[in-house]
Amino acid sequence: VPSSHPSISSNPSAVPSLQPTAFPSVIPSLQPSASPSVIPSLAPSFLPSIAPSFCWGDSPMKLFFGKVNVTSDFKTIDLPFVYQKMVVVATPVLPGSHDTHMPVLAQVQNAMGASFDLRLFNPNQNLLNSSREVHYIVVEEGNYEESSGIKMSALTVSLTTSNFNANWQTTNMKQLNSSVSDRFATPVVLGQVMTVNDSSVWSTFWALPKSDNSNEIFVGKQCGAGSCSNSNIAETLGVIVVESGTNGTVADSRFITKLGGAQIAGVTSFPSSSYTLESPNSFNPVVAIASMSSMLGYQGGWVVLRSPVPDEEPITSSLLYLGVEEDQDRGHVPEKISYIIFEQNSC
């Protein structure tokens, strides 16, 4: 899909230290944490609904990340924390060729308390024949910073207007408050539409981080090549912002962040588009969250993790494989993508 709106392009140019309590996929006997923010009783029946790879700690951030297989039906994802204001971001995996796998986006609803509902949705409302993997991250809303300077802002935004086919003005987006944008020099902006209040339309998150011409961060939702201009029902966006180029450790798990350049093309591209990772030695990545940070293709789209060959992981120690998905023509011009990657922890 060609580019048609140069006016909105943007140039690319947290976390407290969390102590893990337990790692259920490794240690079969899970003892509850003494922290009051953690669910006091974690019986073995709690474990099967949790993804096999995740970390948590006893910080106010309540950071939790993992991956899980879901279908076209909503599945409840149980969490080890009770959240006052939960922020969730999810990224689906395209497990092989676009010829054999239809486009899907991750939808979230009922994100409250100690769980959220997650499913995969096809814009043409076709149902999946089998489950697919989704990577996700959950944090408590707030601003976080540790003495080393690692920062994260997590927030929710209510938005009624949407962008769609050839309509990518920032007037349809929400500008983040300067109390958030001023904290970051080169922000990595990750997000998710966390509600499905209007079932007549679908939408996915996208953002315009800071550029050479602007110190502002805009976040929004888009519905691709179709028109969602008739929708006047507000949806909730979950937004997580961290600094690009950060290497840190959280819950004994190292992580890396980056606002990538405009080089992630549509899922029809071959070979698969990828970013070369600036990762520490012996980095063992297991979970990646990614979001659109430009919209140069006029029909819109959303980012997916993409297996370079069927059934292979979309992340290696040195490469992150991504693709831009669309609801119609699945070709797409290269876009800028924000991402955060976590490695397996050592709990």
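**Sheets and internal cavities of the predicted model**

In the predicted model, the strands β6, β7, β12 and β9 form, in that order, an open sheet of four strands with antiparallel pairing. The edge positions are taken by β6 (142-145) and β9 (187-193); each has a single partner strand, so one side of each is left without a neighbour in the sheet. From one strand to the next, the twist averages 20 degrees. The edge strand β9 pairs with β12 (residues 235-243) in the antiparallel sense over seven bridges. Within this pairing, V189 stands opposite V241 in β12.

An open sheet is also formed by four strands in the order β13-β14-β19-β16, again with antiparallel pairing. Here β13 (247-250) and β16 (285-292) stand at the edges, and each has a single partner strand, so that one side of each lacks a neighbour in the sheet. The twist in this sheet averages 20 degrees from one strand to the next. Seven bridges join β16 to strand β19 (residues 337-343) in the antiparallel sense, and A288 stands opposite I341 in β19. In general, strands of a sheet pair through backbone hydrogen bonds, in either a parallel or an antiparallel manner.

Antiparallel pairing is also found between strand β2 (residues 75-83) and β4, over five bridges. The bridge partner of K75 in β4 is L118. Strand β4 is mostly covered, with 12 of its 17 residues buried.

The interior was then examined for enclosed space. Rolling a probe the size of a water molecule over the atoms shows where empty space is left. The largest cavity holds about 170 Å³ of space. Its lining comprises 17 residues, of which A90, G191, Q192, T204 and W302 lie nearest the centre of the cavity. Two or more lining residues are given by each of the elements β3 (86-94), β4 (105-121), β9, β10 (204-208), β16 and β17 (302-306). The largest share of this lining, four residues, comes from β3. By class, the lining of the largest cavity divides into 11 nonpolar and six polar residues, with no charged residue. The edge strands β9 and β16 are thus both among the elements that give two or more residues to this lining.

W302, one of the residues nearest the centre of the largest cavity, is found in strand β17. With a relative accessible area of 4%, W302 falls under the 20% cut-off and is therefore buried. The side chain of W302 reaches the backbone oxygen of V104 at 3.0 Å. W302 and S291 are separated by 11 residues in sequence and, C-alpha to C-alpha, by 7.3 Å in space.

The second largest cavity has a volume of about 90 Å³. The residues lining this cavity are Q107, S162, V193, T195, V196, D198, V201, W202, S203, K221, S231 and E235. In this lining, four residues are nonpolar, five are polar and three are charged, whereas the lining of the largest cavity has no charged residues.

Methods
Residues numbered from 1 in each chain as written. Predicted model: local features only at pLDDT ≥ 70, side-chain atom pairs only at ≥ 80, totals over all residues. Heavy atoms only, no water. Pairing = 2+ DSSP bridges. Axes fitted to C-alpha atoms, helices over the stretch in contact; angles between N-to-C directions. 1 Å grid on protein atoms, 1.4 Å probe; cavity = no way out; pocket = protein on both sides within 12 Å on 5 of 7 lines; lining within 4 Å. Points joined across faces, edges and corners; volume = space filled by probe spheres on them. Nonpolar A, V, L, I, M, F, W, Y, C, P; charged D, E, K, R; others polar. Buried < 20%, exposed > 50% of the residue type's maximum accessible area, 1.4 Å probe, protein only. Polar contact = N/O pair within 3.5 Å; in protein donor to acceptor, adjacent residues only side chain to side chain.
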